[in-house]
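Me: I am in my first year and would like a close look at a single part of this protein, explained slowly and in connected sentences. Please choose one helix and describe what surrounds it.

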Amino acid sequence: MTKNNLTIFILAILSIDIIIIILHIYLSQHSQLGTLFDLDQEANLPTWYTSFKLTLAGVVALLIYDNEKRYDNEKKSSSIKSQTWFWLFIALLMFFMSADETAQIHETLTRWFMQTIMGLRLLHSLEIGKSGGTLLWGLIFSPLLILIAASLLNFYLQRFKKNRILIILTLMMISFFVASFISIGFFTSLY
């Protein structure tokens, strides 16, 4: 893929993102079409589109892994070779997140956990009703999420240290991800 084709592809994906946000703003309250475009709901067009992008990210990670593995074998380079396997981890993570987006795995695990004694104690100690328990998935899975985020950040910072724009984009994406959790927590506390 040439640089121009990659630029066009990225702009197309961003355009679709903007279109989905506009459709959410204007149609999420519509009586018949609202559930199709509501970003607050699951099993709809934005969920499918997010799952598609995560699958695409997994495929790209596999392609990078394959490319680096061939490069390592040609150059007999051991400095990069030790980290090449991490692209497989990233690919698996993206494929799992894609499946989770459509199959709602973390929501199911959270509902199951909230029905256990520990889950009920957590709800009671945080003074949250049973209906708010599904929002606690971020808290329940936070140790794992922090470990994964730290590993990814470390990998990307080491891998892209010579290319500052990639580091800046990585930090921006992590900031957007963290901000989405904060905004979800803020807006759900208003209701």
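**A close look at helix 3**

Reply: Asp66 is partly exposed, with 37% as its relative accessible area, and this residue makes a good way into helix 3, where it sits four residues, or about one helical turn, from Arg70. Please keep in mind throughout that the model is predicted.

The side chains of Asp66 and Arg70 are joined by a salt bridge, with 2.9 Å between N and O. Arg70, at a relative accessible area of 46%, is partly exposed as well. Both of these labels follow from the cut-offs, because a residue is called buried under 20%, exposed over 50%, and partly exposed in between.

Helix 3 itself covers residues 45-75, and the salt bridge just described is one of three in the count. The other pairs to look at reach from helix 3 to other parts of the chain. Glu68 meets Arg159 in a salt bridge whose N to O distance is 2.4 Å. Since Glu68 belongs to helix 3 and Arg159 to helix 9 (residues 142-159), this pair ties together parts that lie 91 residues apart in sequence. Here the surroundings should be read with care: Glu68 has a relative accessible area of 15% and is therefore buried, while Arg159, with a value of 18%, is buried too.

Lys53 provides another link, for it forms a salt bridge with Asp17 in which the closest N and O atoms are 2.9 Å apart. In this case distant parts of the chain are connected, with Lys53 in helix 3 and Asp17 in helix 1 (residues 3-27), 36 residues away from each other. Lys53 has a relative accessible area of 26%, so it counts as partly exposed. Asp17 is also partly exposed, at 21% relative accessibility, and this label holds because the buried class takes in values under 20%.

It helps now to step back from the side chains and follow the helices as whole elements. The axes of helix 1 and helix 3 come within 11 Å of each other and cross at roughly 160 degrees. The two helices are therefore roughly antiparallel, a description that applies because angles over 145 degrees are placed in that class. The crossing of helix 1 and helix 3 is left-handed.

Helix 5 (residues 86-103) is a further neighbour to consider, since its axis and that of helix 3 come within 8 Å and cross at roughly 165 degrees. This makes helix 3 roughly antiparallel to helix 5, and the crossing of these two helices is again left-handed. If you would like a residue to look for in helix 5, you could choose Asp100, which is found there. Asp100 has a relative accessibility of 10% and so counts as buried. The C-alpha atom of Asp100 is 8.2 Å from that of Ser51, although the two residues are 49 apart along the chain.

To put the picture together, you can trace helix 3 by its partners: Lys53 is paired with Asp17 of helix 1, Asp66 with Arg70 inside helix 3 itself, and Glu68 with Arg159 of helix 9.

Conventions:
Residues are numbered from 1 along each chain as its sequence is written. This is a predicted model: local features need pLDDT of at least 70, side-chain atom pairs count only at pLDDT 80 or more; totals for chains, interfaces and linings use all residues. Side-chain values use heavy atoms; hydrogens and water are left out. Axes are lines fitted to C-alpha atoms, for helices over the stretch in contact, and angles run from 0 to 180 degrees between N-to-C directions. Angles under 35 degrees count as roughly parallel, over 145 as roughly antiparallel, 65 to 115 as roughly perpendicular and the rest as oblique. A crossing is left-handed if the near helix is turned anticlockwise from the far one by less than a right angle, and right-handed if clockwise. A salt bridge is a side-chain nitrogen of Lys or Arg within 4 Å of a carboxyl oxygen of Asp or Glu. Buried means under 20% relative accessible area, exposed over 50%, partly exposed in between (1.4 Å probe, protein chains only).
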